[in-house]
Amino acid sequence: MRLPKLVRRERASLPVLIAAPVLALAIAALGNLVLYAAIGVNPVAVFHAMLIEPFASYFSMSEILLKAGPLLLSAQGLAIGFRAKIFNIGAEGQFVLGAICASAIPVYMPQASGPWIWPAMLLLGALGGSAWAAITAFWRVRLNANEILVSLMLSFVSLQLLIYLLLGPWKDPMALNFPHSVRFQFDALLPILLPGTRVNVSLLLALLVTVAAWFFVQRSFAGYQLEVGGLAPNAARYAGYSQNGAIWLSLLIGGFAAGLAGAAEVAGPVGQLQRSISTGYGYAAIIVAYLGGLHPIGIVFSAFLLSTLYIGGDNAMVSAGLPIAAVNVFQGSLLLAYLIAATFVRRRLVWPQRTRA
Amino acid sequence: MTNTPNRRNFIAGASVATMVAALGAQARAATADDPLIVTLIIPSPVADVGWGLALFEALETVNADYGEAMQLSVVENIYEGPDADRIMNKAVADGTKFLVAGSFGYQNGAMQIARRNPDVTVLHASGFMVAPNFSPFAAQYSQGTYLMGMAAAALSKTGKLGSVSAFAIPELITSLNAFVLGAQRINPDIELSIVWLNSWFDPAKAQEATAALVAQDCDVLFSNAQDTPSVVAKAEELGVYSFNLNSSMKDYAPNTYLGCVLTDWSPFFRASIEAHLAGSFEGQSAFLGVGDAVVRVVDWSADIPADIMAQIMEVEAGIADGSFSPFTGPIMKADGSEGVAAGVTMTDAEVIGMDWHVQGVTTPLPG
């Protein structure tokens, strides 16, 4: 059987560039319309809840910013590694370790006050994330253990560590064995950035990390070395760029960013250490990184897009009575359609010519 | 305790107030003809069985009485954290006046909503905070699991019982303790092993834990607060008896199903909604059992010997009329010290805060 091949376009034509995402959205929307008709939900209410309501008020827009923060932070760190073909799948675990390390300060010093507390928590969280990622880097360098597996498995270990702390030494003594820490004191909470919302200074940090990532990728020699290592490993080796150095750097950066995000989550909207601190931010960040084309600027857009989709999905459940499974189908089909469209913007389908033997 | 106002939660509260005001502006003004909007938020999907289904069905039953005058909305599978806070705020902004927060993890967010919206009534599952418009509610599962323990001891050949349990919070610990105490009434040497899953809903882990317990010779299993039939179905496959809470799972284990400690929340929800509409709702800790028609044991296995069944019925009648409590001393703690002195009965408050295992539980509490 003859299969068509995808051939890279010389250059993407402008009409295709514009038409592709629009077409993708239209196809995904149409497919979901059929689904809503089948399960008897009003499609107008669903689309209103998903795509309009997130932008309908100052507060709901601020919630997009709040949810985009941890996605943006984690994805920027991951993308640097992914460009070097170092696949850190364990951002979730590094996020959890960041949250744990940051919480150590308010848990052990619940009476402490002063403006140093939240910055120290963020720093401790970022270092904790890095340290957790370092375990993966160490085994990859020493034993050539696959970093995908090690980092992923460590995420499950991190959850066990979290639960151990919450059921044991870090349990709130006043909370009847419920697995959460004490509520953090005021100085252990991040200052609010936009008055009247839950958006805090970690959003500024995420944007700062974005700028730093852009400089690292586009302007620094270390970033260049990583990029060459990812694109042409042989060339990198010939040029004398250290493969081990690339592994260490990629994982430490990824862990740092995810740990920072985890710290900002407990010191931000959560306000205590509890078992559900991450809604899978570490895994969603992988989607964000690839959706943004592994480019620091692209990732900003994809983080806000995904954040909007998540919040829209929640809205659809509350306002339009859509079941959770249909929400997931909508989000998944939209992403899938977009990725297919993005492929065809850069590539075209070529059917093989019949050749005579 | 946790209710003391201070600078931190004043500021947090103030920002929530602003956001609720901002959201509320777009919500249409309520008129007398508008239906009462009741919203249920739960951490797992409303499946065919389990906790979420029990809450949902009870609200549906009440809704059927009210018809057009009540509108029920369900938000399922919501993680206990900042997302849940936003979703509950959104539901209230959209007009919800009666909120059922179906997991202890929603406590802080739900309490903030109650404080900032005095016209909204909040029922919160398994918690310990109370406010004028905020009631925590919990079932006295222990009354049913005590009866199950009697049946389990009669059917166990190995003298070892097992449980796959969600979280080591007092509510679940209490159910397990009563299960063991009931079993010891029939067989004083019986033991219980527990696997703590740290999840309400994890079918794969629940199955693995079931197999592990059976491999350790446990031959009657208690699926404790698992929102999946995994334990019950796996027990059937492995040929051991099992039972669960909230809603019957007999269909998943036609041969080895021991029974179900059913919860029917509709009497409680109906009374609370009536009180809300009449303006007479008063927040208080609701700890409901057999006597309140909230807890009931159904689908008893036909394998239970007739003499044991007669004893079970006798005890059940005693629980229902209040003359018997599973938690009357002497009760020894798992560590060998005295838990409850002879002749003394634990108060509801003591049972709600129970954080120790009785003698006969071989697995230490986590942490």
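Here is a short chat about a predicted model, covering the contact between chain A and chain B and then one residue of chain B.

Visitor: How many residues does each chain put into the contact?
Guide: Chain A brings 42 residues and chain B brings 44.

Visitor: And what's the area buried between them?
Guide: About 3,900 Å², with carbon and sulfur atoms giving 62% of that. On the chain A side, A:Phe178, A:Arg275 and A:Val318 lose the most area to chain B, together 16% of what that side buries.

Visitor: How many salt bridges cross the interface of chain A and chain B?
Guide: Six. One pairs B:Asp85 with A:Arg198, where the closest N and O atoms are 3.8 Å apart. There are also 13 residue pairs in polar contact across the interface, both partners at pLDDT 80 or more.

Visitor: Which element gives the most to chain A's side?
Guide: That's H12(A), with six residues. The elements giving two or more residues there are H3 (58-83), H6 (147-167), H10 (243-270) and H12 (296-320) of chain A. By class, that side has 19 nonpolar, 14 polar and nine charged residues.

Visitor: Switching topic: where does B:Val358 lie?
Guide: In the segment after helix H11 (348-352) of chain B.

Visitor: Is B:Val358 buried or exposed, and why?
Guide: B:Val358 counts as buried because its relative accessible area is 1%, and the cut-off is under 20%.

Visitor: What does B:Val358 touch?
Guide: Leaving out residues up to four places away in sequence, B:Val358 touches B:Asn177, B:Val180, B:Leu181, B:Ile331, B:Met332, B:Lys333 and B:Ala334.

Notes:
Residues are numbered from 1 along each chain as its sequence is written. Chains are lettered from A and ligands numbered from 1 in the order in which they are written. This is a predicted model: local features need pLDDT of at least 70, side-chain atom pairs count only at pLDDT 80 or more; totals for chains, interfaces and linings use all residues. Side-chain values use heavy atoms; hydrogens and water are left out. Contact means heavy atoms within 4.5 Å. Buried area is the accessible area (1.4 Å probe) that two parts lose on being put together, summed over both. A salt bridge is a side-chain nitrogen of Lys or Arg within 4 Å of a carboxyl oxygen of Asp or Glu. A polar contact is a pair of N or O atoms within 3.5 Å; within protein, one must be able to donate a hydrogen and the other to accept it, and residues adjacent in sequence count only if both atoms are side-chain atoms. Helices (H or I, at least four residues) and strands (E, at least two) are DSSP runs, numbered from the N terminus. Ala, Val, Leu, Ile, Met, Phe, Trp, Tyr, Cys and Pro count as nonpolar, Asp, Glu, Lys and Arg as charged, and the others, Gly among them, as polar. Buried means under 20% relative accessible area, exposed over 50%, partly exposed in between (1.4 Å probe, protein chains only).
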